[in-house]
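Thanks, everyone; I would like to walk through one model with you this morning, going from individual helices to loops and then to the chain as a whole. Please keep the display open while I talk.

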Amino acid sequence: MGILSRFFRYGLLAVFAILTLASSAFGSEPPWLEIQSQHFSVITDAGDKRGREVAMRFEQMRAVFGALMTKANVNIPVPLQIVAFRNTKEFRQFAPLWKGKPTQLDGLFQGGEDRSFIMLDMSAESPWTVVFHEYAHQLMNGIVTVRSDPWFEEGFAEYFASIEVDSKQARVGKVPDYEFQVLQQSGMMKIADLFKVRHYSQTYNENGDRRNVFYAQSGMLVHYIYDNALLPKLATYFYLKISKNLTVEDSIQQAFGMNAAQFDKVFRDYVLGGRYRYYVLPTPSTIVSDASKVSPLSSPDSRAVLADIHLHSQDYRDKAITEFQEVLKEDPNNAPACRGLGYAYLQRQDFKQATEYFHRASQANSKDSRVHYYSALLMSREGHFSDHSVLLEAIKELETSISLDPTFADSYMILGIARMNNRDLPGAMQATLKAVSLSPRNENYQFNLAQMYMDDQKFDQAITLLQTLQKNQDPQLAVPVNQALLQAQEMMREAQERANSSVPMGLFIKEVASEHSISPQIEGETSGGSANLVSEPTRKAAKFLKGVITGVDCSSPPAAVVTVAAGPKIWKMNVRDSDHVVVLGADKFSCSWVKQKVAFNYRDAGDAGGDVISIEIQ
């Protein structure tokens, strides 16, 4: 509500007061507005008209993408906030830093596990290309089930970033001028070399001409594939390379019917020929031009959103905390600022402060799904659901979060883990499968699902999923996936051997229970009736331990033993392979760690010992 409207509502107080406030209003910055369209939220200080334009552009791209992918429900698995800045000066305050200075950009995508942001400089001639490219990636994450090679991922995003829509038709696949210019000026990579680029490759990560060529050539190659109806052959290529483990060169030969050198020539002729196709389809009827709703944002609310952007950037996190605190000085009960500050403290492992601010945020706005999600995340990290009453409260918070935002994948995933800790395997599977359906290419979700399949003795499903993940190039997952796959295969063999043996079921249950240090619950055993298994764990559940490293023994490489003080107790944590164990918060495992705060995921090995799954240096 603006200044003058307040005076008309509450009455004219005094001529002097009106003149003073009116003068202040005319000298202030343009107001921030929120434009809420059917599927997007845009906040902007560039005015109502430009804000509606931004919302409409994204609605258009979403609708066209859905029409082309023949998918009725196109969603992204992480909530998205679009921010349209009126000028470059404002936008640069949020640009990533390079050698201490903001990089020059017209648009920016900033991803996160809990929230993603798309930012545009509305004073730029065309800020759409960069953000549409990144938004195409998000759409792919929501509807495509497998992750392919980087060249196809980036080329696919480039292809759909070129979407143009007017009131009558949509045009998809127009080649941007800069792609042709880059390839003309800098030359082209060999197709085989392009296909071999990985997410960790220097070409993919370092700025320079070679990276520019990679992006431009990837986009042009996807155009070539679409123009020549080669998608079936491309599918064959991926099958041969991934499932049959053929080399890139052999896969090209068998899939496309020509060797890599011939492919280079054919593609070069296509590029130099300058004859490209694009596709035209009627503008989807689902786009409603006047469906957006415009609301003014208060100064504290708009500043809290901007601070939230800073919080999700490594370059500005400390600044974000100060900005949230300044908002709360002006408006102590501002819900977005309380929520954001709570999340900042959660990231810093300051659980007491995080609890306080999440509580304040919930009191100010109990309908904020993110507050309930963060509260459950806090409970998970603070005690790893070790307290049953806290576990039940976390489940309640997650169910509330999901009821308020049923499209956020991570709420379902944490709910799956919480239900697993509550020994509700069917409920855990249900929530995890929903998380995977919303974010089908999230490999951490798939790994969790595979472990649940193992707990449910569905070894064949676990093995199939783990074998797919085994081909993943992510080094963080490679070791735990390999270990889990070996374990699943061994458990499947044991189950088959037991099924073929004549050991009575009661003895089998006792054996399993003994192996896993539990007391079996068998109905009817003493009365001679048939045994009914109430709880039959197949492996030791993962546990969580926090403490301080007092020493590391690396005398038997690659194995290592980490001595940890956790309260009054000393633990010996066994690392099977120190070169490949999953380490978070540090570049790699170190034999020189001492007086270092640490958290472990581990399986109990008895006598204050554990077999390490992952290590987080804090």
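Helix α14, which covers residues 299-311, has 13 residues and reaches 18 Å from its first C-alpha to its last, close to the 18 Å expected at 1.5 Å a residue. I should say at once that this is a predicted model, so please hear every value in that light. How many of the 13 residues of α14 are buried? Ten of them are, and the helix is therefore largely enclosed by the rest of the structure. The buried residues of α14 include Pro300 and Ser302 towards the start of the list, and then Ala304, Val305, Leu306, Ala307, Asp308, Ile309, His310 and Leu311.

Proline 300 also gives us a link to another helix, since its C-alpha lies 9.0 Å from that of glutamate 326, with the two positions 26 residues apart in sequence numbering. Glutamate 326 belongs to helix α15, residues 317-330. Is glutamate 326 buried or partly exposed? With a relative accessibility of 42%, glutamate 326 counts as partly exposed, whereas Pro300 is among the buried residues of α14.

Let me turn to a pair of helices. Two packed helices are described by the angle between their axes and the distance between the axes. For helix α3, residues 48-68, and helix α6, residues 150-161, the axes come within 11 Å and cross at roughly 120 degrees. Because of that crossing, α3 counts as oblique to α6. Which residues make the contact? On the α3 side they are Met61, Phe65 and Leu68, and on the α6 side they are Phe156, Phe160 and Ala161. Sorted by class, the contact of α3 with α6 has six nonpolar residues, no polar ones and no charged ones.

Next comes helix α18, where I have picked two residues. Methionine 379 lies in this helix, which runs over residues 369-383, and serine 369 is found in α18 as well. Methionine 379 has a relative accessible area of 16%, and since buried means under 20%, methionine 379 is buried. Serine 369, with a relative accessible area of 14%, is buried too.

What is methionine 379 in contact with, once its neighbours within four places in sequence are left aside? The partners are His384, Phe385, Val390, Glu393, Ala394 and Glu397. For serine 369, with its neighbours within four places likewise set aside, the contacts are Ser401, Leu404 and Asp405. Looking in the other direction along the sequence, methionine 379 and threonine 355 are 24 residues apart in sequence, and their C-alpha atoms are 9.1 Å apart in space.

Now the loops, where a few backbone details deserve your attention. The peptide bond from proline 557 to proline 558 is cis, with omega near 5 degrees, and proline 558 is found in the loop between β14 (542-553) and β15 (560-566).

Where do we find a positive phi in a residue other than glycine? One case is arginine 423, whose phi is near 60 degrees, and which sits in the loop between α20 (409-421) and α21 (425-438). Arginine 423 counts as exposed, at 76% relative accessibility. Lysine 595 also has a positive phi, of about 55 degrees, although it is not a glycine; its place is in the loop between β17 (582-584) and β18 (596-604). Lysine 595 counts as exposed, at 75% relative accessibility.

A further loop residue is glutamine 104, placed between β5 (101-102) and β6 (107-110). At 72% relative accessibility, glutamine 104 counts as exposed, and its C-alpha is separated by 9.7 Å from that of phenylalanine 91, which is 13 residues away along the chain.

Finally, the chain as a whole. The protein chain has 25 helices and 19 strands, and buried residues make up 47% of its 618 residues. Among contacts in the chain with a separation of 6 or more, residues 24 or more positions apart account for 59%. As for the surface, the chain exposes about 31,500 Å², and carbon and sulfur atoms supply 50% of that area.

Terms used. Residues are numbered from 1 along each chain as its sequence is written. This is a predicted model: local features need pLDDT of at least 70, side-chain atom pairs count only at pLDDT 80 or more; totals for chains, interfaces and linings use all residues. Side-chain values use heavy atoms; hydrogens and water are left out. Helices (H or I, at least four residues) and strands (E, at least two) are DSSP runs, numbered from the N terminus. Buried means under 20% relative accessible area, exposed over 50%, partly exposed in between (1.4 Å probe, protein chains only). Contact means heavy atoms within 4.5 Å. Accessible areas come from the Shrake-Rupley method with a 1.4 Å probe; for residues, only the protein chains shown count as cover. Axes are lines fitted to C-alpha atoms, for helices over the stretch in contact, and angles run from 0 to 180 degrees between N-to-C directions. Angles under 35 degrees count as roughly parallel, over 145 as roughly antiparallel, 65 to 115 as roughly perpendicular and the rest as oblique. Ala, Val, Leu, Ile, Met, Phe, Trp, Tyr, Cys and Pro count as nonpolar, Asp, Glu, Lys and Arg as charged, and the others, Gly among them, as polar. The expected span of a helix is 1.5 Å times one less than its number of residues.
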